[in-house]
Amino acid sequence: MLVVEKGTKKKEGSAPSLQSGVYIFPNGDRYEGAFIVTEGRIERSGTGTQHFVDGLVYTGQWKNDKMNGKGEVKYHQSDGDFVDNECHGMGIYTWPDGSKYTGPFVHNKLLGTGEFTDTSNRVWCGLFTRKVADGLRLKIS
């Protein structure tokens, strides 16, 4: 565990203040960005980047030590809104082959009316329910 802090330290007995720096977690994950220190532990808060040991990288807003607000995940690649570490709200999910989904997410699931762009750049519209999208229609420009 390593914390490199930038900026000012909080005064004894005062409320936690926003700091920024680098934190290496025991499992090897690395966080760089804004955080507060409460009861001897860091809590990600504000804007920062988390590099996970599996190769996933999240850059965006944090609140209560969780992904909350606008952010981007690079691995598969998701770009949109996050709530409590989940894609939730409007967003874009891009698969490694370049195909992508644009539309609403509910608790990490594709859910609602959205668009799927295939590898030939054709756009398909329709209702997505988790992993199923029956009745998609080709969008004609």
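This briefing covers the fold, core, cavity and selected residues of a predicted model. The chain has 141 residues, of which 33% count as buried. Its secondary structure consists of 12 strands and zero helices. The average pLDDT is 83, and 87% of the residues score at least 70. Residues 1-11 fall below a pLDDT of 50.

**Fold and confidence**

- Along the sequence the elements follow the pattern β-β-β-β-β-β-β-β-β-β-β-β.
- Among contacts in the chain with a separation of 6 or more, 5% join residues 24 or more positions apart.
- The chain averages a pLDDT of 83, whereas the stretch 1-11 has a pLDDT below 50.
- Beyond near neighbours in sequence, residues 1-11 still have 22 contacts in the model.
- Where pLDDT is low, predicted coordinates should not be read in detail.

**Nonpolar core**

- The largest nonpolar core is made of 16 residues.
- Tyr 58, Phe 82 and Phe 105 have the most contacts inside this core.
- At least two core residues come from each of strands S3 (30-38), S5 (57-63), S6 (66-74), S8 (86-94) and S9 (100-106).
- Setting aside neighbours within four places in sequence, Phe 82 is in contact with Tyr 58, another of the residues with the most contacts inside the core.
- The other contacts of Phe 82 beyond four places in sequence are Met 67, Asn 68, Gly 69, Gly 71, Glu 72, Val 73, Cys 87 and His 88.
- In soluble globular proteins, nonpolar side chains tend to be buried together.

**Cavity**

- The structure holds one cavity of 30 Å³ or more.
- The volume of the largest cavity is about 40 Å³.
- Twelve residues line the largest cavity, and those closest to its centre are Asp 79, Gly 80, Asp 81, Cys 87 and Gly 91.
- Strands S7 (78-83) and S8 are the elements that give two or more residues to this lining.
- S8 supplies the largest share of the lining, six residues.
- By class, the lining comprises five nonpolar, five polar and two charged residues.
- Cys 87 is among the lining residues closest to the cavity centre, and Cys 87 is also in contact with Phe 82.

**The S5-S6 loop and Ser 45**

- Asn 64 lies in the loop between S5 and S6, and Asp 65 is found in that loop as well.
- Phi of Asn 64 is near 55°, a positive value in a residue other than glycine.
- Asn 64 has a relative accessible area of 52%, so it counts as exposed under the over-50% cut-off.
- Not counting residues up to four places away in sequence, Asn 64 touches Glu 43 and Arg 44.
- Asp 65, on the same basis, is in contact with Arg 41, Ile 42, Glu 43 and Arg 44.
- Ser 45 is placed in strand S4 (residues 41-51).
- With a relative accessible area of 19%, Ser 45 is buried because its value is under the 20% cut-off.
- Contacts of Ser 45 beyond four places in sequence are Leu 18, Tyr 31, Ala 34, Phe 35 and Trp 62.
- The C-alpha atoms of Asp 65 and Ser 45 are 6.2 Å apart, with their positions 20 residues apart in sequence.
- For Asn 64 and Ser 45 the C-alpha to C-alpha distance is 6.4 Å at a sequence separation of 19 residues.

**Strand S10 and the S10-S11 loop**

- Thr 113 lies in strand S10, which spans residues 109-117.
- Thr 113 is exposed because its relative accessible area of 62% is over 50%.
- Leaving out residues up to four places away in sequence, Thr 113 touches Gly 103, Pro 104, Gly 126 and Leu 127.
- Thr 113 and Phe 128 are 15 residues apart along the chain, and their C-alpha atoms are separated by 6.1 Å.
- Asn 121 is found in the loop between S10 and strand S11 (123-130).
- Phi of Asn 121 is near 70°, again a positive value in a residue other than glycine.
- Asn 121 counts as exposed, with 62% relative accessibility.

Conventions
Residues numbered from 1 in each chain as written. Predicted model: local features only at pLDDT ≥ 70, side-chain atom pairs only at ≥ 80, totals over all residues. Heavy atoms only, no water. Core = buried A, V, L, I, M, F, W, Y, C linked by side-chain atoms within 4.5 Å. Buried < 20%, exposed > 50% of the residue type's maximum accessible area, 1.4 Å probe, protein only. Helix = DSSP H or I, 4+ residues; strand = E, 2+ residues; numbered from the N terminus. Contact = heavy atoms within 4.5 Å. pLDDT = per-residue confidence, 0-100. 1 Å grid on protein atoms, 1.4 Å probe; cavity = no way out; pocket = protein on both sides within 12 Å on 5 of 7 lines; lining within 4 Å. Points joined across faces, edges and corners; volume = space filled by probe spheres on them. Nonpolar A, V, L, I, M, F, W, Y, C, P; charged D, E, K, R; others polar.
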